[in-house]
Amino acid sequence: MRVLAFETSCDDTSVAVVDGTGTVSSLRAAHQDQAHARYGGVVPEIASRNHTQHILQLMDQVIKESGFSLEQIDGIVTTNRPGLMGSLMVGVMTAKTLALALQKPVLGVNHLEGHLLAPFLRDSYYQQIEDFKPQYVALAVSGGHSSIYLIEDFKKYRVLGKTRDDAAGEALDKFAKMAGLGFPGGARVDRAALSGDTTKFVFPRAVLGEDSLDFSFSGLKSAAQRLISSMAPEELATHLNDLCAGFQEAVVQVLLMKLKLAVEKTAVRKVILTGGVSSNSRLRALVTEWGVKEKILVLIPPLRFCTDNAAMIGLVGAWRMSLGEFSDLSLSPSPEVDPTDFM
Ligand code: KG4
Ligand code: ZN
């Protein structure tokens, strides 16, 4: 099953050709960071307009680069949930129109399931470490969600823990904004933290009970807000890298602590780290180091498969279509963040 896939749930327009083995023939994205930067966050209207501008050009490029013609594509897949309505609508309408014109099947998939299966993609630069052989404990951390899942099988996922307030990426983005680093913040905090001292500023880590796999980042955010407002601009500039290192450390250590607890509780010794925040160099390093030390298999997709991309959406679609799952032309976007609607 080879599919053409679209991902337009937020501010990245991404199109890919991928097959059921996870082989990505081509993947292209148009990022909109510049367009939203001066507003300090994603502006939904601008995101939708930019998706409309880029999606067909990207599709044209992706099809050419894939070496396959549209006739050789078996199905069309798109993210239809969760996300910004106007953004999702562009991918959904493009996919349905193509499906109708080409007389191909169409399927809407959940963005989160895409992140969970991203480690099973491959291209000419990256071979996945192993084929899909559940079970896995997956830490999915991005701008919109922070959850720990138990992947029991394909389509059989269990939420072990989730955030009670902000997502990890959201906390990093808000901190970056407070610290004057601009938008999008996560990668900038990561870069600044590289030359910072993690022990100069120690931020609170919300444990939420010894046995809990839930997260909370709102206290951490308020602590940062209080500290930053108490600092003079010169002081903030002098200590910016240390502040970033301290804040990032608090986020990353909580993520690691909960991941370790999930492995302990489930006795599943294969771990997936996925979602935009799994691009974070400190998180990747700590999880990798722990995996080596404890002999736990750690699967972390390369950066292009960690952040929002159409290849992961295509993989989910290819697998689901192979099992006979299809949408009809009434497929529509849904903004609902129901972490169980793909299980
Ligand atoms: O998965 P993703 O691309 O979109 C959502 O589904 O939300 O994740 C975006 C999030 C943003 O919050 C961004 O700041 C964060 O991932 N992010 C990072 C890094 N790169 C992206 N956070 C920490 N370190 C990074 N290097
Ligand atoms: Zn995402």
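1. Gln135 sits in the loop that runs between helix α4 (111-117) and strand β6 (136-141), and the peptide bond leading into Gln135 from Pro134 is cis, with omega near 25°. Since this is a predicted model, a reader may wish to look at this bond in the structure while reading the note.

2. A second cis peptide bond joins Arg81 to Pro82, here with omega near -25°. Pro82 is likewise placed in a loop, in this case the one between strand β4 (75-81) and helix α3 (85-102).

3. Which residues hold the zinc ion (ligand 2)? The zinc ion is coordinated by His111 and His115, each through its NE2 atom, and by Asp308 through OD, at 2.0 to 2.1 Å. Along the sequence, these donor residues follow the spacing H-x3-H-x192-D. The pair His111 and Asp308 thus links distant parts of the chain, for the two residues are 197 residues apart, with His111 in helix α4 and Asp308 in the loop between α10 (303-306) and α11 (310-322).

4. Are the zinc donors His111 and Asp308 buried or exposed? His111 has a relative accessibility of 3% and therefore counts as buried, given that the term applies under 20% relative accessible area. Asp308, with a relative accessible area of 17%, is buried as well.

5. Helix α5 (residues 168-178) has a set of buried residues, namely Ala168, Gly169, Ala171, Leu172, Phe175, Ala176 and Met178. What covers these residues includes the strands β6 and β7 (146-153), together with the helices α6, α7 and α8 (233-266). Just after α5 comes Gly180, which takes a positive phi of about 80°.

6. Leu208 has a positive phi of about 60°, although Leu208 is not a glycine. Leu208 is found in the loop between helix α6 (186-193) and helix α7 (218-229), and, because its relative accessible area is 29%, it is described as partly exposed.

7. Lys295 is another residue other than glycine with a positive phi, in this case near 55°. The loop that holds Lys295 lies between helix α9 (281-294) and strand β10 (297-299). With a relative accessibility of 71%, Lys295 counts as exposed, whereas Leu208, at 29%, is partly exposed.

Definitions and conventions: Residues numbered from 1 in each chain as written. Chains lettered and ligands numbered in written order. Predicted model: local features only at pLDDT ≥ 70, side-chain atom pairs only at ≥ 80, totals over all residues. Heavy atoms only, no water. Helix = DSSP H or I, 4+ residues; strand = E, 2+ residues; numbered from the N terminus. Buried < 20%, exposed > 50% of the residue type's maximum accessible area, 1.4 Å probe, protein only. Donors = N, O, S within 2.8 Å, 3.2 Å for Na, K, Ca; no water. Contact = heavy atoms within 4.5 Å.
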